[in-house]
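Student: Hi, do you have a few minutes to go through a structure with me? I'd like to ask things as they come up.
Tutor: Happy to, just put it up and start wherever you like.

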Amino acid sequence: MLLGKDGRLTLYARTDGGLLRWTQRSPGGDRWDGPDFVPIADLTDLTIVQGTDSYVHFLGRRERHGSDGPGVDFVHAVQYQTGRPVTEWRSLGNFHRDQETGRKAGPPAGAVDAQGAVFVFVRNAGRGLQMRREGEGGKWGAWQDLKGSGLAAELVPSVTSSGLVEVFAPSDGGAQQWRQDDPGGPLRIIRTPLHFYALPGSTTALETAPGRLTYYWTDANATGVVSFRAGAWPVPVGGYPGDGALVAVRTPLDGYDCTVLAQRGAGGTLLIGVCGTEGEQNGVWWSDTTEECVGDPALALDGHGRVVVAVRGRDGGVAVTRQESGPGLTLSPHWHRL
């Protein structure tokens, strides 16, 4: 769920043969148009990222079957404005020339830097990191091998407000990281892995101070959710997580800078956590909405700065609720079915 330059939210969900898109009719409104169907055949994985220009970039892994067997490539498309059509899908190829090896490539992850350049990251067949970057005028550079080893398929790229790209990757040997020293510069690997073990697919990143990211993940040893910032030890923050991803936003609550976390709980319902930003050590207040949540929830701030959360039910339907007036984070108990 992403906020457009015009203050309207757009919600995206995967479906057979492509994706579905719902668009708010007005900033902060309760009425949504859609779903519009965006076709893309043979897609196995999809990630959606947004730049500071509000352009929405779709990055997919596609597996097509030919006479010589299945072949994998990566594809890219753009939505330039809220509610407008998505461009044609453009193939970014595959960094493995051998077709069989190429099928072992993982799903794409992406980021958009301050200059609007799109970065695509993929775990390769050897479980290292590959990157392809969009240059000026939309011209893509070659795939680059950024090394690394034993990586999980799920990668977590981020861009700070200073324009630096950073990648966090859980691995067999602990978390591995890459980052830029200067905007637009090369990404360098941080040689010493962090000996912290995140459940693959659970990690999210949030900028909690200028140029500083906080990572949240589910501990692989089933001790709940953990927060981590460079230069500090991980902080257990509780929760009863399922096996999916955490999502996070910052927002003022009762005059305090706060972080809101959301995830599917072990019982299959949506859990919400709230804490002071960079104050996890003082406690995270978790609540169970009791709303059924299949897969990962979506979390965003609307055009009026209110928290909006969306979930998918077991029947495939999508439901949305938003923040109401009240102390702390008060979500409406009335879910709107799209």
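Student: How many disulfides does the count come to?
Tutor: The count comes to 0 disulfides. Keep in mind that this is a predicted model.

Student: Why is C275 not bonded to C258?
Tutor: The closest cysteine sulfur to that of C275 is the one in C258, and at 7.4 Å it is too far for a bond. A disulfide here needs the two sulfur atoms within 2.5 Å.

Student: And which cysteine sulfur is closest to that of C293?
Tutor: That would be the sulfur of C275, but the two are 19 Å apart, so a bond is ruled out by distance.

Student: Are these two cysteines, C275 and C293, buried or exposed?
Tutor: C275 is buried, with a relative accessible area of 2%. C293 counts as buried too, at 2% relative accessibility.

Student: Changing topic: how many salt bridges does the structure hold?
Tutor: There are 19 salt bridges in the structure. One of them joins R127 and D172, with 2.9 Å between the closest N and O atoms.

Student: Where do R127 and D172 sit in the chain?
Tutor: R127 is in the loop between β10 (118-123) and β11 (129-133), while D172 is in the loop between β14 (165-169) and β15 (176-180). They are 45 residues apart, so the pair links distant parts of the chain.

Student: Buried or exposed, how do R127 and D172 come out?
Tutor: R127 counts as partly exposed at 29% relative accessibility, and D172 counts as exposed at 54%.

Student: What does R212 form a salt bridge with?
Tutor: Its partner is E278, and the closest N and O atoms are 2.8 Å apart. R212 belongs to strand β18 (residues 212-218) and E278 to the loop between β23 (269-276) and β24 (285-292), so the bridge ties together parts 66 residues apart in sequence. R212 itself is partly exposed, with a relative accessible area of 37%.

Student: Which residues join R212 in one network?
Tutor: Salt bridges that share partners connect R212 with R229, E278 and E280.

Student: And what about R250, which side chain does it meet in a salt bridge?
Tutor: The side chain of D257, at 2.5 Å from N to O. R250 is partly exposed at 30% relative accessibility, and D257 is partly exposed with a relative accessible area of 36%.

Student: You mentioned β18. What is the strand order in its open sheet?
Tutor: The order is β17-β18-β19-β20, an open sheet of 4 strands with antiparallel pairing. β17 (204-209) and β20 (235-238) are the edge strands, each pairing on one side only. From one strand to the next, the twist averages 30°.

Student: How many bridges are there between β17 and β18?
Tutor: They pair over 5 bridges in the antiparallel sense. A205 stands opposite Y215 in β18.

Student: Last topic: how many residues of strand β9 are buried?
Tutor: 5 of the 5 residues in β9 (residues 108-112) are buried, so the strand is largely enclosed by the rest of the structure.

Student: Which way do the residues of β9 point?
Tutor: P108, G110 and V112 point one way, and A109 and A111 the other way. That fits the general pattern, because side chains in a regular strand alternate between the two faces of the sheet.

Student: What does β9 form with β10?
Tutor: A hairpin, with 5 residues between the two strands. In the turn, G116 has a positive phi of about 90°. The strands pair in the antiparallel sense over 5 bridges, and the bridge partner of P108 in β10 is V122.

Methods:
Residues numbered from 1 in each chain as written. Predicted model: local features only at pLDDT ≥ 70, side-chain atom pairs only at ≥ 80, totals over all residues. Heavy atoms only, no water. Salt bridge = Lys/Arg side-chain N within 4 Å of Asp/Glu carboxyl O. Buried < 20%, exposed > 50% of the residue type's maximum accessible area, 1.4 Å probe, protein only. Pairing = 2+ DSSP bridges. Axes fitted to C-alpha atoms, helices over the stretch in contact; angles between N-to-C directions.
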